[in-house]
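Biologist: I'm new to this structure and would like a guided tour. Could you pick one part, look at it closely, and then work outwards from there?

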Amino acid sequence: MHPISTVVAARNITKSFGSSLVLDGVSIAVDPGEVVALMGANGAGKSTLVKILAGVQPPDRGTVEIAGRPVRLSTPAAARGVGIVSVHQQVADTGIGALSIAENLLLDDICGGRVPIVLTPARILERAARIAETAQLDLDLPAPFSTLSLANRQLVAIARAFSGRPHMVILDEPTASLSAVESQKLFTLIDKLKQRGIAVLFISHKLADLRRIADRAIVLRHGRIVGEFARPLDLGAATTAMIGRQVDAAPRRGPTQSARASLELHGIRLRVEAPLINLAIIPGEITVVTGPLGAGKTSLLEMLFGVRQPFAGTVTFSDAPWRPSSPARAIEHGVFMAGEDRWRTSFAPSSTLGSDLAGTIALPHLRAWARPFGFVGRSTELAAARGAIGRLAIVCRGPRDRLDHLSGGNQQKVVLARWQARPSRLLLLDEPFHGVDLGARHDLIEALRKMDPSAAVLIATSDVEEAMEAADRILIMREHGIVADHRTGQENLLARLASLETLAAGAVGA
Amino acid sequence: MSEIMSPTGTRQHSNRARLPLLAIAGRSGIFLTLIGLIALFAIIQPLFLRAANLLGILEAVSVTALLGLGITVSLAVGGFDLSVGSTAAMSVMTAAYAQVVWGWGAVPTVFLVLCVGALIGLFNSLLIVVLRVPDLLATLGTLFLVGGLQLIPSGGNSIATGMTFADGSTANGIFSPAFLVLGRSRLWGLVPLPVIVLGFVALVLWVFMERLRWGRLIYAVGGNELAAHLAGAPTVRLRSFAYVLSGLLASLGGVLLAARVGRGDIMTGGSLLQDGFASALIGFAVLNLRRPNVLGTVVGAILVGVLLNGLTMLNAPYYTQDFIKGAVLVGSLALTYRLHR
């Protein structure tokens, strides 16, 4: 057992990649039982700092100390050995789907050889049950890990971290894929970590998370610490420090009630037993659907884009029936969709022909931009990419840059640029702010507001705060039906945020 | 920058400055190797550089390269076509059977053989696209199926004029002279026709894959099928097309082979699959593209051909050939992937 009074500290950490200085003399210290939020825009150096603490990368200069003694973190295993455990932001990496939940809880021990040679299923269950009990996880331990929801996978990953009695647990965007209710479970578990005197370093783009869980916030910008905020957290000031400028609420368009609905849903059922959806979407407005994971937000968007068909009901679009048989048909008629998780639904690996920035923007428009005989219109493609880079302020090395060299926010700008490259009548965006820092999010929303008002925009997000920032109108979904329809006005943002969060939470609880 | 993710989201990109020399070696390593080899062989054995010998090399690799091009297209669409060797063998037997047993002329024979190749490709795409059998398994199945099927009509024997069947009848047809021209004639008495065919096919395919929008779509499907579908690409049609094209190119290779050999030899096609794959995979390293590509496949096939020809001239025994091919393949794969860490 480690003594309780250990402080994990990083001193004067400096790291550069090539000519760019990513961390410039950063020092942080986290007390036992303290939750410190690490904030910063994409590219501020957060991930590099985490990787250094987790033993993935060595610093160029500086030391990591535990209880005043320097430690060498040459590999992730070494970091774990001295008591620094990190839970990766990629949910896919958090466990092995084919193994049971119990085996996943013991994964570090099994892989590290710290288990008896003969390991019967009964012994695994017994050991796993002990860990689950400490973490107060109520799960069916013999069931395969792959049956777990995203949220429960995260919880298992953190419970795993528990079992090693670490000094510090690093959580890199743990709530990125979680709904409000699921995040609550995670926070309860983090409270447990605190009670046991474990230091927690927490990275998140969601201000609501930080408000709930952080004791202290450290803000990084351009590889330096630009601010430290203790409780009560002044998140406004932290945000300003983070992006180096004030984020104004984007100017809203005037009331558009007079505009005629372009898209109307009549008695749509997304599932056999789901409630009927009647809805009219008005051009020129940004409508945001929010609600917990699995509420049917994605299904709604995919139905409109021709990926799936409704079980009942009709859709009219500009007074004509709308029932596209495939995404290709939808795109032909000016209905565009950017799917959730850009690397899964929008991008190709960098070795693929046409996976560069310009090629990615051009993919759905190849036919429209083609020259005679089907030759790819490369000049049109380059011009479109250059235009997008300027308009959306995409930070890159040029129109032929590789997308995996861009930050999350800039990658998402490329996705938006693709679907703004030709005029659309309906633009569907599924989780467009996932893994996007506040500055980039602001740029994205601004670009949406500047769109031709003849286009309707429908966004799906499980993050209420993102919904509040982007929306002219907010729809709340639960169980594949729409349960609330708010038009946003000038009311106090935080009060509304709270009520919407309760509503979204209630949607799952019910 | 720090927060950079690879497509899989796992590997960290590092901007470690690379030796420029190493970068140049990576980009044109295969070309440099090829030039180096030619120079080396030319110094040791001046006969190597004679036009007849160089064209002979191209002729020797033309069938392999055609199969490699088919494999390249199937790899580009994210698939895997193991059946090209069997398809080529089937084509040889079909060409022989049509002419020797049925007495068909050159034009209907070539047409029939190409149809057979396209049908085998269509069969593959049925298995893969409609029945959703994984490509590797589906085309492995086709490899056996077609490889076995081609033996049945002739009762497991090679087909040549005068052959006797089990029922005592003899086949009296002959390979049409017009057909044999395809494999044996030389343009201006110098350039073998198969080399012209390969050059033409490679050029058209290069333009198609690298410059036309359908090529872009094929690569997009191979890179991320879901993303291509959501961007409006007809993914089912593109994948089917790739297998049909692969089958077609393999049967074209079979036609050239049959025309060169002049009989329906049951032993043909032996190493065609491995050689075709080797060309396509060596091609990944050409221009350092790390993806299947038309130019790379042709250069890969030529590289192997030059090496085998040169070493044969230097009296290297024939049984070292597979070892040499393997060494080139492993070497170029290492070159391709090593420099991208």
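Modeller: Let's start where helix 11 (residues 272-285) of chain B meets helix 13 (residues 321-338) of chain B: their axes come within 8 Å and cross at roughly 30 degrees. Axes here are lines fitted to C-alpha atoms, for helices over the stretch in contact, with angles from 0 to 180 degrees between N-to-C directions. That makes the two helices of chain B roughly parallel to each other, because angles under 35 degrees count that way (over 145 is roughly antiparallel, 65 to 115 roughly perpendicular, the rest oblique). On the helix 11 side of chain B, the contact involves Ala278(B), Leu281(B), Ile282(B), Phe284(B) and Ala285(B). Helix 13 of chain B answers with several residues, including Lys325(B), Val328(B), Leu329(B) and Leu333(B). In contact means C-beta atoms, placed from the backbone, within 7 Å.

This is a predicted model, where local features need pLDDT of at least 70, side-chain atom pairs count only at pLDDT 80 or more, and totals for chains, interfaces and linings use all residues. Residues are numbered from 1 along each chain as its sequence is written, while chains are lettered from A and ligands numbered from 1 in the order in which they are written. Helices (H or I, at least four residues) and strands (E, at least two) are DSSP runs, numbered from the N terminus.

Staying in chain B, find Glu210(B) in helix 7 (residues 193-211). Beyond its neighbours within four places in sequence, Glu210(B) is in contact with Gly215(B) and Val294(B). Val294(B) is 84 residues away in sequence, yet the C-alpha atoms of the pair are 8.5 Å apart. Glu210(B) is partly exposed, because 16 other C-beta atoms lie within 10 Å (20 or more would make it buried, 12 or fewer exposed, with C-beta atoms placed from the backbone).

Now over to chain A, which has 19 helices and 20 strands. Of its 510 residues, 48% are buried. Six of its strands form an open sheet of mixed pairing, in the order 6-7-8-3-9-10 (two strands pair if DSSP finds at least two bridges between them). Strand 6 (84-87) and strand 10 (224-230) of chain A sit at the edges with a single partner each, so one side of each has no neighbour in the sheet. On average, neighbouring strands here are turned by 20 degrees against each other, direction ignored. Strand 6 of chain A runs parallel to strand 7 (residues 168-172), joined by four bridges, and Val85(A) has Val169(A) as its bridge partner. Helix 6 (residues 150-163) of chain A packs on this sheet, touching strands 6 and 7, at about 175 degrees to strand 6.

Another strand to zoom in on is strand 18 (residues 456-461) of chain A: six of its six residues are buried, so the rest of the structure largely encloses it. Ala456(A), Leu458(A) and Ala460(A) point one way, with Val457(A), Ile459(A) and Thr461(A) pointing the other. Five bridges pair strand 18 of chain A in the parallel sense with strand 13 (residues 286-290), and five more bridges join it to strand 17 (residues 426-430), also parallel. Leu458(A) is the bridge partner of Thr287(A), and Leu428(A) stands opposite Leu458(A) too.

Last stop: helix 1 (residues 46-53) of chain A has eight of its eight residues buried. Just after it, Gly55(A) takes a positive phi of about 80 degrees.

Methods:
Two residues are in contact if their C-beta atoms, placed from the backbone, lie within 7 Å.
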